[in-house]
Amino acid sequence: MPLKRTPPSTPTPEDLKEARLNAPKASFSGSAPDLSNEERSNVTMRRKQDESYIKKFITEIKDMLAKANSQNESKFTSLQSSMREILTQNTEIKDSIAFVSKQYEDMKAKYEKLEKQRNEDRLYIDQLEKKIESLERTSASTKLELRNIPKITGENKDSLCNIASKAADVIDFPIQKQDIKDIYRTKSKTGHGAIIVELGSVILKDGIIEKARKFNKMNSANKLNTAHLSLEGPAKPFFISECLSPCGKRLNYLARAFAQENGYKFCWTSFGRTYLRQDEGKRHIRIDSEGDLNKLRLKQ
């Protein structure tokens with residue numbers, strides 16, 4: 001049969017007060033040293049724990065520093081390697097620049113030498129051209145040019161001499177066949193090239209040219225034409241002028257074009273040279289090269 005236990009009654013405040021008064025007083029003479037040893041033991045234990053924790057912390061810090069130092073060493077080594085590569089590249093770049101600079105200086109020196117040589121050659125060529133022009137001008141100093149005279153059937157030197165003699169008779173400056181050293185017709189695309197008459201002297205040539213100018217001036221309504229030479233076909237004007245060198249012909253052509261474009265009234269040749277005059281009474285301008293025409297254009 002189970003036992004029934006009665007729970008203890010709840011003590012009243014009076015019971016608690018009486019129990020305190022009847023309780024024996026505790027003596028601390030024996031327990032005080034025990035509590036002090038325990039405290040010292042606890043302190044020692046806590047100190048050891050603290051030291052262990054500090055050592056552990058220091059060890060972790062050292063490990064972290066060692067790891068960081070190792071990483072920094074690796075980075076520094078990598079940086080040094082990169083710097084060495086950069087220095088090597090810089091050295092190679094410097095060498096390349098030095099090589100290119102030397103090549104440039106060499107090329108510059110060669111260019112300056114070639115430019116100097118070119119200028120000297122150009123000057124020498126100009127001198128040769130002037131000498132050739134002078135020789136050609138001298139060679140043509142006794143030659144006349146009859147232009148715009150149609151070619152006749154069976155034309156030869158005798159027939160050409162007859163044409164030249166008739167032209168001289170028309171302007172009242174007769175010449176003999178023996179005054180003509182040579183005569184020929186130049187080739188032309190139209191088939192009517194100029195007749196070149198080489199006379200015995202410059203005096204004869206200049207006299208014929210002067211007479212031809214006076215004739216045309218006095219007979220402005222009936223200037224020199226093929227009817228005066230008794231040639232078949234409709235009358236066509238023909239011209240008597242001095243024979244020019246190839247360079248002189250080109251310069252004379254350019255000068256005439258310049259005169260028309262810029263209002264110069266007179267353009268003529270004398271002794272193989274070309275002259276311009278803007279108006280009556282103004283001074284004449286000798287044209288020795290295309291550069292002279294360019295200078296005149298700048299003054300317009």
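# Notebook: Glu-155, one cavity, two pockets

I began with Glu-155, which I placed in the loop between strand S1 (143-147) and helix H3 (157-170). The model I am reading is a predicted one, and I keep that in mind for each entry below. The side chain of Glu-155 makes a polar contact with the side chain of Arg-185, at 2.7 Å. Setting aside neighbours within four places in sequence, I listed Pro-150, Leu-160 and Arg-185 as the residues in contact with Glu-155, so that Arg-185 appears both in this list and as the polar partner.

**Confidence**

I then looked up the confidence of the prediction, and found a mean pLDDT of 84 for the protein, with 87% of its residues at 70 or more. Over residues 25-33, however, the pLDDT is below 50, and this stretch has zero contacts in the model beyond near neighbours in sequence. Where pLDDT is low, the predicted coordinates should not be read in detail.

**Cavity**

How many cavities of 30 Å³ or more does a search of the whole structure find? I noted one, and the space in this largest cavity is about 60 Å³. Its lining is made up of Leu-144, Leu-146, Ala-164, Ala-167, Ala-168, Ile-171, Ile-175, Val-197, Ile-208 and Ile-240. S1 and H3 are the elements that give two or more residues to this lining, and H3 gives the most, with three. By class, I counted 10 nonpolar residues in the lining of the largest cavity, with no polar and no charged ones.

**Largest pocket**

Next I turned to the largest pocket, which holds about 870 Å³ of space. Of the 25 residues that line the largest pocket, Arg-213, Ile-240, Arg-256, Cys-267 and Trp-268 lie nearest its centre; Ile-240 is also in the lining of the largest cavity. At least two lining residues come from each of S1, helix H4 (202-218), strand S4 (239-242), helix H5 (246-262) and strand S5 (266-270). Which element gives the most to the lining of the largest pocket? I found that H4 does, with seven residues. The lining divides into 11 nonpolar, four polar and 10 charged residues, whereas the cavity lining has no charged residues. On the domain level, domain 2 (142-243) and domain 3 (245-299) each contribute at least three residues to the lining of the largest pocket.

**Second largest pocket**

For the second largest pocket I recorded about 560 Å³ of space. There are 20 residues in its lining, and those nearest its centre are Lys-130, Glu-133, Cys-247, Asp-288 and Ser-289. Helix H2 (31-139), H5 and strand S6 (273-277) each supply at least two residues of this lining, with the largest share, eight residues, coming from H2. H5 is thus an entry I made for the largest pocket and again for the second largest pocket. What are the classes of the residues that line the second largest pocket? I noted five nonpolar, five polar and 10 charged. Here the domains that each give at least three lining residues are domain 1 (59-140) and domain 3 (245-299), and domain 3 also has at least three residues in the lining of the largest pocket.

Note on methods:
Residues numbered from 1 in each chain as written. Predicted model: local features only at pLDDT ≥ 70, side-chain atom pairs only at ≥ 80, totals over all residues. Heavy atoms only, no water. Helix = DSSP H or I, 4+ residues; strand = E, 2+ residues; numbered from the N terminus. Polar contact = N/O pair within 3.5 Å; in protein donor to acceptor, adjacent residues only side chain to side chain. Contact = heavy atoms within 4.5 Å. 1 Å grid on protein atoms, 1.4 Å probe; cavity = no way out; pocket = protein on both sides within 12 Å on 5 of 7 lines; lining within 4 Å. Points joined across faces, edges and corners; volume = space filled by probe spheres on them. Nonpolar A, V, L, I, M, F, W, Y, C, P; charged D, E, K, R; others polar. pLDDT = per-residue confidence, 0-100. Domains from an automatic or database assignment.
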